[in-house]
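Trainee: Got a minute to look at some helix packing with me?
Mentor: Sure, pull it up.

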Amino acid sequence: MQFRKLEEADLPRLLPYFRVQRHRISNYSAGVLAMWHKYLGTSFAEEEGCLVLCDRYVGKSYFSWPLSLSGDAEAEARAVERVERYCRETYVRLHFTNVPAEVLPRLVLRYGADVHVSNIRRWRDYLYNAEDFKTYPGGKYSGQRNHVNKFRKNNPDYSFAPLTEAELPEAEAFLREYASSQYEKGTALASEEMDAAFALLPHVFEYGMFAGVLRAGGKMVALSVGERCGDTMVIHIEKALRGVQGAYPAVAQLFAQAFCGEGVRYINREDDAGDSGLRKSKLQYLPVRLVDKYNVAVHRPLDSLSRFPEIRTLRLVLKGIPDEDAAAFARLASDDALNRYWGYDWRENAPARVTDKWFLQDIRKDFKNKNELPLGVYFEDKLAGEVVLHNFGYRGEAEIGMRILPEWQGRGFAREALIGLAEYGFIKLGLDVIEAKCFKENVTSAYTLRSAGMRPCGEDDTYFYFRKTAAN
């Protein structure tokens, strides 16, 4: 799976995914991506006929639910598997964001109870009946009707019409006039929101969006821009000049009347970002519901382990390697003959000056980052080798590996260490599957894996593959 940085030039090609999205979430739209992808460091991949978005925020990756062009649930599940594989191969933590409520049970069932689910209030979208905006019916909308009537009375020469490409410079000037009052607020949110609006405006026609202009006395006093996604019109920009009474409810109503025709059931007016004034305003328009956007952090068995365990077998002790064994471990880790089959060359990440202690610090860092569980293999208090659980997956999988110092080879320590750590993985960590692989020319390792209960499950040009499950 290959993720690439999202650029504005990519959005026209991705429009078909947004046009058919059925989740009514504003984040699955070209407009939101055009406005916010630079802030969020968004990248994307296309797999199994699905679009997968990934935001990078505060050093962490957040994957959106795959968007299938055809609404194929099985294709979306396969795309999720690709994301899992990508995270496992690149040591990226699996964290989903903007998960629709209707697919949340699928993720929870997929990963079991070991997930953390959140639904942050300030990011929920406000969803409204499109028909309500066209007429503001009944007593519940009397306030909006009164404001619209006041606008019409004060501006009898008002007009509303679709924005034209020739009017884009005027629309930009309008936004700058509006922005002057926003920048006065001195908040990062207000500045970022205006920057995002300026980023979207030049692409309104390129992205096939709907835009309307409200004028009074010939002057542009309000602007609204929306994007149709499935049966929902997502409003990305809605601005009106300060001091023009009733301009906001008027432009919202006129936009709905002009553009929310057949097939548009809902209007999504996006989230309130936690702004109290914006929240009050959005609630006054009486949403039919708030659109939930769940975050799902998937935990792995290793994540709960805070220190190295100590595992005893018939002859061996498997435990964290102390500082006093740094020289012995450095000899093991830097042995070229052993590293030939270890699958990792320590030189790739080594500093210019390598000390014995650096090798220990390296594996301790991997454990701290929850990338692997490395344990020393001890016989009569002497370091004989290393056994490791690594490459942890998100459905109870991990890979096992071992290496033994030359002077301790041929005594069955590798087999005993493999069995001991595998039992710990199944019983204490709750793993479901332990996998292993070895180079085809490494006959000794293949024999050892079989003798430790690992069952052959495949091969390619380079490796033999093995696996063992908790059940057998």
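Trainee: In which hand does H3 pass H4 in their crossing?
Mentor: Right-handed: that is how H3 crosses H4, meaning the near helix is turned clockwise from the far one by less than a right angle; anticlockwise would be left-handed. Bear in mind this is a predicted model, where local features need pLDDT of at least 70, side-chain atom pairs count only at pLDDT 80 or more, and totals for chains, interfaces and linings use all residues. Residues are numbered from 1 along each chain as its sequence is written, and side-chain values use heavy atoms, with hydrogens and water left out.

Trainee: Which residues make that contact?
Mentor: Ala73, Glu76, Ala77, Val80, Glu81 and Glu84 of H3, with Arg106, Arg110 and Tyr111 of H4; contact means heavy atoms within 4.5 Å.

Trainee: OK, switching to H4 itself. Which of its residues are buried?
Mentor: Leu104, Leu107, Arg110 and Tyr111, with buried meaning under 20% relative accessible area (1.4 Å probe, protein chains only). Looking down the axis of H4, the buried ones fall within an arc of 130°, so they line one face; the arc is that of the directions from the helix axis to the C-beta atoms.

Trainee: And what covers them?
Mentor: The cover includes helix H3 and strands S6, S7 and S15. Helices (H or I, at least four residues) and strands (E, at least two) are DSSP runs, numbered from the N terminus.

Trainee: What comes right after H4?
Mentor: Gly112, with a positive phi near 75°.

Notes:
Buried means under 20% relative accessible area, exposed over 50%, partly exposed in between (1.4 Å probe, protein chains only).
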